[in-house]
Amino acid sequence: GDENDDLAAYAIDGNPSTFWQTQHYLVSPLLGGLKEGTGLILDMGGPVRLSSVTVTFGSASGADVAIEIGDDNTLAAASLASFTTVAAADSLSGTYTFQTGSPAQGRYVLIWFTKLPPAAQGGFQAQIFNVVIRGSR
């Protein structure tokens with residue numbers, strides 16, 4: 001379902017006080033047991049060779065995140081299976097730089113959460129304040 005699509009632009013606007021966030025999940029940091037993951041997809045406008053992705057997350061520790069890259073229509077959930085994981089890290093908070101282990105190329109970059117940090121109001125929710133992608137065309 002909707003993961004606050006209307007807030008997505010805040011993750012790339014360069015303003016440190018605005019952010020995108022997932023929906024709020026209860027019961028479990030594993031997305032409430034409702035699905036395997038959720039994330040934010042960035043359309044690079046054409047193929048890019050990815051070298052690193054720097055993400056500024058919220059301050060609560062506990063996000064398990066993978067960076068994936070692909071070329072398929074990202075609006076179709078079934079296309080996510082064609083994405084390739086190029087970097088991953090666990091228990092994240094604050095600013096973290098994911099380095100790709102090998103050259104990765106694709107049009108869409110996916111920041112994929114499989115575990116969410118605790119939310120201030122209870123439950124679990126992730127935030128992204130800023131994303132910087134480095135690579136070449």
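**Note on a predicted all-strand model**

1. In this predicted model, a salt bridge joins the side chains of E3 and K35, with 2.9 Å between N and O. The two residues come from distant parts of the chain, 32 residues apart: E3 belongs to the segment before strand 1, and K35 to the loop between strand 1 and strand 2. Side chains of opposite charge can pair when their charged atoms come close.

2. Is E3 buried or exposed? With a relative accessible area of 5%, E3 is buried, because the limit for that class is under 20%. Its partner K35 has a relative accessibility of 31% and therefore counts as partly exposed, a class that lies between 20% and 50%. The pair thus brings together a buried E3 and a partly exposed K35.

3. How many salt bridges does the model contain? The count comes to 2. The pair of E3 and K35 has been described above; R107 and D43 also form a salt bridge, and their closest N and O atoms are 2.7 Å apart. Here too the link spans distant parts of the chain, as R107 lies in strand 5 and D43 in strand 2, 64 residues apart. R107 is partly exposed, at 31% relative accessibility, and D43 is likewise partly exposed, at 44%.

4. The strands that carry R107 and D43 are also paired with each other: strand 2, residues 38-57, and strand 5, residues 95-115, run antiparallel and share 14 bridges. Two positions illustrate the register. L42 of the chain faces V109 in strand 5, and V48 has G106 in strand 5 as its bridge partner.

5. Strand 5 has a further partner in strand 3, which covers residues 63-70. These two strands are antiparallel and are joined by 7 bridges. Within strand 5, L110 is the residue that stands opposite E68.

6. How are the strands ordered in the sheet? The sheet is open and has 6 strands in the order 1-6-2-5-3-4, with antiparallel pairing. Strand 1 (20-21) and strand 4 (84-92) form the edges; each has a single partner strand, so one side of each is left without a neighbour in the sheet. In the order given, strand 5 stands between strand 2 and strand 3, in agreement with the pairings of strand 5 with strand 2 and with strand 3.

7. Which elements make up the chain as a whole? There are 6 strands and 0 helices, and the succession from the N terminus is β-β-β-β-β-β. The radius of gyration is 14 Å, close to the 14 Å that the globule rule gives for 137 residues, so the chain is as compact as a globular protein of that length. Along the principal axes, the C-alpha atoms fill a box of roughly 40 × 30 × 30 Å.

8. Some totals for the chain complete the picture. Of its 137 residues, 42% count as buried. The exposed area is about 7000 Å², of which carbon and sulfur atoms supply 52%. Among contacts between residues at least 6 apart in sequence, 75% join residues at least 24 apart. The two salt bridges described above also link distant parts of the chain, with separations of 32 residues for E3 and K35 and 64 residues for R107 and D43.

Terms used:
Residues are numbered from 1 along each chain as its sequence is written. This is a predicted model: local features need pLDDT of at least 70, side-chain atom pairs count only at pLDDT 80 or more; totals for chains, interfaces and linings use all residues. Side-chain values use heavy atoms; hydrogens and water are left out. Two strands pair if DSSP finds at least two bridges between them. Helices (H or I, at least four residues) and strands (E, at least two) are DSSP runs, numbered from the N terminus. A salt bridge is a side-chain nitrogen of Lys or Arg within 4 Å of a carboxyl oxygen of Asp or Glu. Buried means under 20% relative accessible area, exposed over 50%, partly exposed in between (1.4 Å probe, protein chains only). The radius of gyration is taken over C-alpha atoms; the globule rule is 2.2 Å times the number of residues to the power 0.38. Contact means heavy atoms within 4.5 Å. Accessible areas come from the Shrake-Rupley method with a 1.4 Å probe; for residues, only the protein chains shown count as cover.
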